[in-house]
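Here is a quick tour of a predicted model. Have a look at the fold before reading on.

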Amino acid sequence: RIDVPATAAACPGETHGMHFSDQEKQLLKDGVKEFYGQHPLWKKIKDKYPEVFAARTTVDLKDCYRNMVKTGAADAIKSKHPKVKWTPEEKDAVKEGIKLFGTNAWATIKKHFGLILERRSEDQLKNWHQNADDDIVDDANLEQNNRKRHRNSIKAKNFFKRTSAIATALGRGRKKIKKGP
């Protein structure tokens, strides 16, 4: 059991409510180190030390920590989502997904490679692709351009078939149909 003294030192910058003890502040710092990058951070810390933070809300914990950061008593939390290096499997999955679905189908790629890309958001996939090596981007663009050319050639063939059918029905040549009457 951890005891919290009734007369605790104020959390730096705190002007209202119960003051945080030195022990609470230390456990708060330890909790941030342990659960950094996990969501919800403040609830995880509160749940780890329920007897210490029983009278505290998650907002109290967040406010105290931020005040400690302002005064230099604690290290700043740099990001909501810490950077995690991309594994070769994740990179390969994104490359393969781009080949299969193109560069604007991030949700589809994420869903298709669910287990491999479960810790990545759609924005992270897009950002990784945009910042990837030039050869990866060039390969993806080449593949996407090839798909566009193929679609366009099919559209062109269908257009010529339709204009030929119309020209035949009207008794005119295809060139006259294109130019008009």
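## Two helices that cross

Start with α2 and α3, which are roughly perpendicular to each other. The crossing angle is roughly 105 degrees, and it falls in the 65 to 115 range that counts as roughly perpendicular. Helix α2 covers residues 41-48 and helix α3 residues 58-71, and their axes come within 9 Å.

Who does the touching? On the α2 side the contact uses W42, K43, I45 and K46, and on the α3 side T58, L61, K62 and Y65. Sorted by class, the residues of this contact come out as 4 nonpolar, 1 polar and 3 charged.

## α1 joins in

Helix α3 also packs against α1, at an angle of about 95 degrees and with the axes 11 Å apart. That angle lies between 65 and 115 degrees, so α1 and α3 are roughly perpendicular to each other too.

K25, L28, K29 and V32 of α1 meet L61, C64, Y65 and M68 of α3. This contact of α1 with α3 has 6 nonpolar and 2 charged residues, with no polar ones. L61 and Y65 turn up here, and both are also part of the α3 side of the contact with α2.

## The nonpolar cores

Which residues have the most contacts inside the largest nonpolar core? They are L28, W42, I45, F53, L61 and Y65, in a core of 16 residues. The elements giving two or more residues to this core are α1, α2 and α3. As a rule, nonpolar side chains in soluble globular proteins tend to be buried together.

I45 is a good residue to click on. Leaving out residues up to four places away in sequence, I45 touches L28, G31, V32, F35, F53 and L61. Apart from the largest core lies another one, with 11 residues, including I98, I109, L117 and W128.

## Salt bridges across the chain

The whole structure holds 7 salt bridges. One of them pairs the side chains of E24 and R56, 3.0 Å from N to O. E24 sits in helix α1 (residues 22-35) and R56 in the loop between α2 and α3, so to speak a link between distant parts of the chain, 32 residues apart. Are these two partners buried or exposed? E24 is buried, with a relative accessible area of 1%, and R56 is buried as well, at 4% relative accessibility; the cut-off for buried is under 20%.

Another bridge joins the side chains of E34 and K48, at 2.6 Å from N to O. This pair connects helix α1, home of E34, with helix α2, home of K48, across 14 residues of sequence. Here E34 is partly exposed, with a relative accessible area of 41%, and K48 is partly exposed at 37%.

## A small charged network

Further along the chain, the side chains of R119 and E90 form a salt bridge of 2.9 Å, N to O. R119 is in the loop between α5 (106-112) and α6 (122-131), while E90 belongs to helix α4 (residues 88-101), and the two are 29 residues apart.

The two ends of this bridge sit in contrasting surroundings: R119 counts as partly exposed, at 44% relative accessibility, whereas E90 is buried, with a relative accessible area of 2%. R120 belongs to the picture as well, since E90, R119 and R120 are linked in a network of salt bridges.

## A cis peptide bond

Where is the cis peptide bond that leads into P40? The bond runs from H39 to P40, with omega near -5 degrees, and P40 is placed in the loop between α1 and α2. For background, most peptide bonds are trans.

## The overall picture

Stepping back, the protein has 8 helices and 0 strands, and along the sequence the pattern reads α-α-α-α-α-α-α-α. Of its 181 residues, 28% count as buried. Among contacts between residues at least 6 apart in sequence, 43% join residues at least 24 apart.

Methods:
Residues numbered from 1 in each chain as written. Predicted model: local features only at pLDDT ≥ 70, side-chain atom pairs only at ≥ 80, totals over all residues. Heavy atoms only, no water. Axes fitted to C-alpha atoms, helices over the stretch in contact; angles between N-to-C directions. Helix = DSSP H or I, 4+ residues; strand = E, 2+ residues; numbered from the N terminus. Parallel < 35°, antiparallel > 145°, perpendicular 65-115°, else oblique. Contact = heavy atoms within 4.5 Å. Nonpolar A, V, L, I, M, F, W, Y, C, P; charged D, E, K, R; others polar. Salt bridge = Lys/Arg side-chain N within 4 Å of Asp/Glu carboxyl O. Buried < 20%, exposed > 50% of the residue type's maximum accessible area, 1.4 Å probe, protein only. Core = buried A, V, L, I, M, F, W, Y, C linked by side-chain atoms within 4.5 Å.
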